[in-house]
Amino acid sequence: MNLKLDEVFARAVHPERCIGVWFLSPVYCIPEVEITLSSVTSNETLTKVQVFLGNMGKIPYFRTRNEAHLLTNEEKEARRRENHIHRGKECVVCLDAVRDSTLLPCFHISMCTKCANMLKKKERYCPVCCEEIKKIGPHYYP
């Protein structure tokens, strides 16, 4: 989500109650949910959303600079190190494991083996081009 939430929520009566939530697809099998905060999102709103998502079995994942006030210095440093090591190589589905698989024959979406197998078993079709997934092949980095 690259929306500028302060601009989107500018006319809201209660901007402190506004938050961006992006459910990753396929929603029923991906537990992570991206959360984006505006500059005025209250901690109370954030807590309510986290409880709501937790009751759904979802895990909030903060992808913006606005996460700074929620993380300790140790957590920020650990996140920075992890992002530096895996930058651009994370699975596009779970955003956690390193990409090592590609859908065949269309070659769309590089993902981890676990997500590729789950997608082939549950969906059977590529979420980009809708071509049937015949096989899962390795993904190589240059």
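The following dialogue examines strand 2 and its surroundings in a predicted model.

User: What makes strand 2 a mostly covered strand?

Analyst: A residue is called buried when its relative accessible area is under 20%. In strand 2 (residues 32-37), six of the six residues are buried, so by that cut-off the strand is mostly covered.

User: How do you know which faces of strand 2 are covered?

Analyst: In a regular strand, side chains alternate between the two faces of the sheet. On one side of strand 2 stand Glu-32, Glu-34 and Thr-36, and on the other Val-33, Ile-35 and Leu-37. These residues are all buried, and both faces are therefore covered.

User: Why are strand 1 and strand 2 called paired?

Analyst: Two strands pair if at least two bridges are found between them. Strand 1 (residues 19-23) and strand 2 have five bridges, in the antiparallel sense, so the condition is met. Ile-19, for instance, stands opposite Leu-37 in strand 2.

User: How do you know that strand 2 also pairs with strand 3?

Analyst: Four bridges join strand 2 to strand 3 (residues 59-62), and the requirement is at least two, so these strands pair as well. They run parallel. Glu-32 has Ile-59 as its bridge partner in strand 3, and Glu-34 stands opposite Tyr-61. Between strand 2 and strand 3 the chain passes through helix 2 (residues 43-55), and this β-α-β crossover is right-handed. Helix 2 lies across strand 1, strand 2 and strand 3, at about 170° to strand 2.

User: What makes strand 1 and strand 3 the edges of the sheet?

Analyst: The open sheet has three strands in the order 1-2-3, with mixed pairing. Strand 1 and strand 3 each have a single partner strand, so one side of each lacks a neighbour in the sheet. From one strand to the next, the twist averages 35°.

User: Which elements have the lowest and the highest mean pLDDT?

Analyst: Helix 3 (residues 73-86) has the lowest mean pLDDT, 60, and strand 6 (residues 135-138) the highest, 89. Over residues 65-69 the pLDDT is below 50, although this stretch has seven contacts in the model beyond near neighbours in sequence. The protein chain averages 77, with 78% of the residues scoring at least 70.

User: Why does a low pLDDT call for caution?

Analyst: Where pLDDT is low, the predicted coordinates should not be read in detail.

Conventions: Residues numbered from 1 in each chain as written. Predicted model: local features only at pLDDT ≥ 70, side-chain atom pairs only at ≥ 80, totals over all residues. Heavy atoms only, no water. Buried < 20%, exposed > 50% of the residue type's maximum accessible area, 1.4 Å probe, protein only. Right-handed = clockwise from strand over helix to strand, strands pointing away. pLDDT = per-residue confidence, 0-100. Contact = heavy atoms within 4.5 Å. Axes fitted to C-alpha atoms, helices over the stretch in contact; angles between N-to-C directions.
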